[in-house]
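Biologist: I am new to this structure and would like a close look at a single part of it. Please take me through that part slowly, together with whatever lies around it.

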Amino acid sequence: MTFRVLDPTPEKAPPIGQLAPRLGSLRGKTVGFISNGKEGTKGFFAHLDRLLREQHGVADVVMRTKSNYSAPADPHIVAEIRSWHAVVSGIGD
Amino acid sequence: MPLDSRTYEAADIAAVQELYHANGWTDGLPIVPPTAEAVQACLDWAMMPADQLIGVEPVRGLAVTAEKLAINAVMAGCLPMHFPVVATAWTAMMQPEFLMHGATASTGGCAVLVVLNGPIRLELGASGGFNALGNSDRATAVIGRALRLCLINLMDVRPGAIDRSTLGHPGKFSFCLAEDEEDTTWLSLAETRGIPKEASAVTVMAAGAPRQIMNEWTTKPEEILETFAAEMRANLRHYSIHPGNYALIIPKQLREHLQAAGWSKADIASFIHERARIHRREWAEVGKGAVVRDRGDSVYPAMESPDQLLVVAAGGPAGGFGAVIPPWLGHKSHAVTVPIGACIDCEPPKQ
């Protein structure tokens, strides 16, 4: 007996955002970090902060932490992204 | 309207199983072949067009239609009469306060606890009696499984993909129970959460594994409930200090003592709220002294308020066994109750 059965997946790709234009250089730029607030983010972002400033000439690093590490970033953090040239979002498990 | 999903041909039932397993579309157990006829029967029973939007997952913007939900429900073993419960539970899970993405992706490894209330329990043969948290009956088994298959196939909540659980727990196969409303004097869980008794309802909670307790040596409500509170304190010490929804499953043998003494669910919640709390310094006793810091005297209740306790009457008629079902991670996800057959996002009817 032949079965004709249906695909259980969405089949359609989920909506995705567009990548921002790539920066030619990080020199003199402001980079924002969005941390999920877990313990493991502290060392990672501290190291990245140092690398960006010392090796790539980043002018300023702005650190922001989500109020709920399992939820999207708070609206006020998302709004602030506009004032940064680049953003790094990281989890800390 | 015709179904829109891609169709596959399989030579026999074994080939169907291999098709679905090979594509990662199962939970590891065999599935029921989701034929167009079986899926359409679910949609017809619920009076839903195939393209009805059940909801959009709030974090990743993934839209879920009735057709896709029904395919997964059939795969789980659902009959058409089970499908409205699956659709309602899914609607509840997609409410922002449930935080589906966080709860299902977390390393914490929680499952979705589903509690059924109201007349539909009897229509479906959903049992809140013997083995209430296990394989008690067909309806709760397949409804709980359907939600897991929906998560796997519609949200990509596969182990190692979106599902980052370190351990998970057996409730991730199916974690559904019906409240024993006939054998108690208490209000049902749904009633305590504002749903009329005549309505059927589904409550979902992002839940850890059940922690079983036993106390068959007292009839005093305070002593019975102290055992539950102690288990909650253990959870606060050993797992997470964050307050949130806890569920208490109270079987007939224990609730008869509570009911005879005139204790309502609200009384139980007030008592538990007072007793289920620890000092932060207690973490030092269980190997977590590193995070006590200078806040050792701070008090951490298991719940922010008594109404975060979900008290459920369920279990076989004999045995002083109860269960504490802890939250995934405090109040980051809130339990959601939705009546079956109600539309919570609909436009009001035009005059």
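What residue follows helix α7 of chain B, and is its phi positive or negative?

Modeller: The model is a predicted one, and in it α7(B) is followed by B:D156, whose phi is positive, near 60°. The helix before B:D156 covers residues 138-155 of chain B, and because its 18 residues should span 26 Å at 1.5 Å a residue, the 25 Å between its end C-alpha atoms agrees with that expectation. Helix α7(B) is also mostly covered, since 17 of its 18 residues are buried.

As for what surrounds the helix, α7(B) lies across β4 and β5 of chain B, and its direction makes an angle of about 145° with β5(B). These two strands, of which β4(B) holds residues 111-117, are paired with each other in the parallel sense over three bridges, and within that pairing B:V115 has B:L177 in β5(B) as its bridge partner.

Both strands belong to an open sheet of four strands in chain B, ordered β5-β4-β6-β13, in which the pairing is mixed. The edges of that sheet are β5 (176-178) and β13 (336-339) of chain B, each of which pairs on one side only, while the twist from one strand to the next averages 20°. Another helix, α4(B), with residues 83-93, lies across β4, β6 and β13 of chain B and runs at about 50° to β6(B); β4(B) is thus a strand that α4(B) lies across and that α7(B) lies across as well.

Technical notes: Residues numbered from 1 in each chain as written. Chains lettered and ligands numbered in written order. Predicted model: local features only at pLDDT ≥ 70, side-chain atom pairs only at ≥ 80, totals over all residues. Expected span 1.5 Å × (residues − 1). Buried ≥ 20, exposed ≤ 12 C-beta atoms within 10 Å, placed from the backbone. Pairing = 2+ DSSP bridges. Axes fitted to C-alpha atoms, helices over the stretch in contact; angles between N-to-C directions. Contact = placed C-beta atoms within 7 Å.
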